[in-house]
Amino acid sequence: VNECLLRNGHGPCQDFCHNTHGSWFCSCRPEAKLAEDGQSCEFLDQCTINNGNCSHTCHSLMGKEKALKVLSAKALIFHLFFIDFCVAGTAFCDCPDGWKLGDDAKNCQDINECDETEGEGRVCAYECVNTIGSYQCVENLNSNEPPEDTQILMTTCPVGFTFNSATRECEDVDECREDNGGCHQKCTNTMGSFYCSCQPNFIFADDKITCR
C-alpha cells in the first residue's frame, strides 16, 4: 500500500511523504525540521544560523503580517514583491541608515550621499565628503560668507563606527573585541555591526545571545 497517495501526495506527512517497501517516512522543506512525531514540521529561525548570512540585520519572517511590522520604511517598497511569497521559516536582510542592500540581498553597501544620482540630490552647500555609512559637509574656505549648511565639518559617525581624527574618516568598531560583543559563544564582527552565533549542537535562547 502506498500511504503517500493520500491527501494529494502528502500522505500522513505535513510536507513530503516518501513511500518505501511496506512503510513510509516524512521529510520537510529546507527551512524546517521534522518534529518528534515524525510527521509534523517545525520551522527554523533562519536568523539564528550565521545571522541568516546577512552582513547587518536579519529579520525572521513568521508570516506576512510580522514581515510588514519589522520592515523599515525604506526597505518596504523593495521587498513588497517578496513578502507576498513569504512563508514561515524564511528570513530577509535589512540595512541601517546610510546603507543599501546589495544585489545579493545579503550584504549592505555604503550609499554615496555626495553622488547626486545616488543620494537625495545636493546635500551640502559647498563640498561633500562621503564616509562609510554617512557623509561630511566641508566649509568653503575661500568665501567670507557664513556657510548655509548646518552640517559643517561633521565628526559624528553612524552606529558601529568611530571617527578617526587623523584620517577624518569613519572607521568600523570591532564590537567583538570587548566582552565578546556580549555574545555567549561566538561573536562575528561585520562592517558597522556584529552578530552572535552558537557552537554546533547548541541553539539560541529567546534573547538571541545566550546559547543552550
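# Reading a predicted model: backbone, disulfides and cores

Me: N53 sits in the loop that runs between strand 4 and strand 5. What is the sign of phi at N53, which is not a glycine?

Reply: A preliminary remark: this is a predicted model. As for the general idea, most residues other than glycine have a negative phi. In this structure N53 departs from that pattern, with a positive phi of about 65°. N53 is also exposed, because its relative accessible area is 53% and exposed means over 50%.

Me: Which other residue, found in the segment before strand 1 (16–20), may be read in this way?

Reply: That residue is R7. Its phi is near 50°, again a positive value in a residue other than glycine.

Me: How many helices and strands does the protein have?

Reply: The secondary structure comprises two helices and 14 strands. Two overall values complete this outline. Of the 212 residues, 33% count as buried. Among contacts between residues at least 6 apart in sequence, 27% join residues at least 24 apart.

Me: How is the accessible surface to be read, and what share of it belongs to carbon and sulfur atoms?

Reply: The accessible surface of the protein comes to about 13,400 Å². Carbon and sulfur atoms account for 51% of that area.

Me: I should like to turn to the cysteines. How many disulfides does the structure hold?

Reply: A disulfide is a covalent bond between the sulfur atoms of two cysteines. This structure holds nine of them. One of the nine joins C54 to C93, with an S to S distance of 1.9 Å. The torsion about that S-S bond is about -80°, so the link is left-handed.

Me: Which parts of the chain does the pair of C54 and C93 tie together?

Reply: C54 lies in the loop between strand 4 and strand 5 (57–61), while C93 belongs to strand 6 (residues 90–94); the pair therefore ties together parts that are 39 residues apart in sequence. C54 is buried at a relative accessible area of 4%, and C93 is buried at 1%. The loop that holds C54 also holds the exposed N53.

Me: What are the sulfur distance and the handedness for C28 and C41?

Reply: Their sulfur atoms are 2.1 Å apart, and with -95° about the S-S bond the link is left-handed. C28 is in the loop between strand 2 (23–27) and strand 3 (32–34), and C41 is in strand 4 (residues 41–43), 13 residues apart. C28 and C41 are both buried.

Me: Where in the chain are C176 and C187, which form another disulfide?

Reply: C176 is in the loop between strand 12 (169–172) and strand 13 (186–190), and C187 is in strand 13, eleven residues apart. The S to S distance is 2.0 Å. A torsion of about -75° about the S-S bond makes this disulfide left-handed. C176 counts as buried at 16% relative accessibility, and C187 is buried at 18%; buried means under 20%.

Me: Which residues make up the largest nonpolar core?

Reply: In soluble globular proteins, nonpolar side chains tend to be buried together. Here the largest core has ten residues: C47, C54, C58, C93, C95, W99, L101, C108, F161 and C170. Both partners of the C54 and C93 disulfide are thus members of this core. A second, separate core of seven residues includes C183, C196, C198 and F204.

Me: How are the rings of W99 and F161 arranged?

Reply: They form the one aromatic pair that the structure holds. Their centres are 5.8 Å apart and their planes lie at 25°, so the pair is stacked; planes under 30 degrees apart count as such. W99 lies in strand 7 (residues 99–101) and F161 in strand 11 (residues 161–164), so this pair ties together parts that are 62 residues apart in sequence. W99 is buried with a relative accessible area of 6%, and F161 with 9%.

Me: Leaving aside neighbours within four places in sequence, which residues are in contact with F161?

Reply: These are W99, I132, C170, E171, D172, V173, M191 and G192. W99 and C170 also belong to the largest core.

Me: Finally, which residues does the UniProt annotation "domain: EGF-like" cover?

Reply: According to the unreviewed UniProt entry, it covers residues 3–42, 46–109 and 175–212. Residues 3–42 are 0% helix and 38% strand, with end C-alpha atoms 22 Å apart. Residues 175–212 are 0% helix and 26% strand, and the end C-alpha atoms are 22 Å apart.

Conventions. Residues are numbered from 1 along each chain as its sequence is written. This is a predicted model: local features need pLDDT of at least 70, side-chain atom pairs count only at pLDDT 80 or more; totals for chains, interfaces and linings use all residues. Side-chain values use heavy atoms; hydrogens and water are left out. A nonpolar core is a set of buried Ala, Val, Leu, Ile, Met, Phe, Trp, Tyr and Cys residues joined through side-chain atoms within 4.5 Å. Buried means under 20% relative accessible area, exposed over 50%, partly exposed in between (1.4 Å probe, protein chains only). Contact means heavy atoms within 4.5 Å. Helices (H or I, at least four residues) and strands (E, at least two) are DSSP runs, numbered from the N terminus. Accessible areas come from the Shrake-Rupley method with a 1.4 Å probe; for residues, only the protein chains shown count as cover. A disulfide is a pair of cysteine sulfur atoms within 2.5 Å. Rings of Phe, Tyr and Trp (its six-membered ring) pair if their centres lie within 6.5 Å; planes under 30 degrees apart count as stacked, over 60 as edge-to-face and the rest as tilted. UniProt positions are given in the numbering used here, feature names are shortened, and annotations may be inferred rather than shown by experiment.
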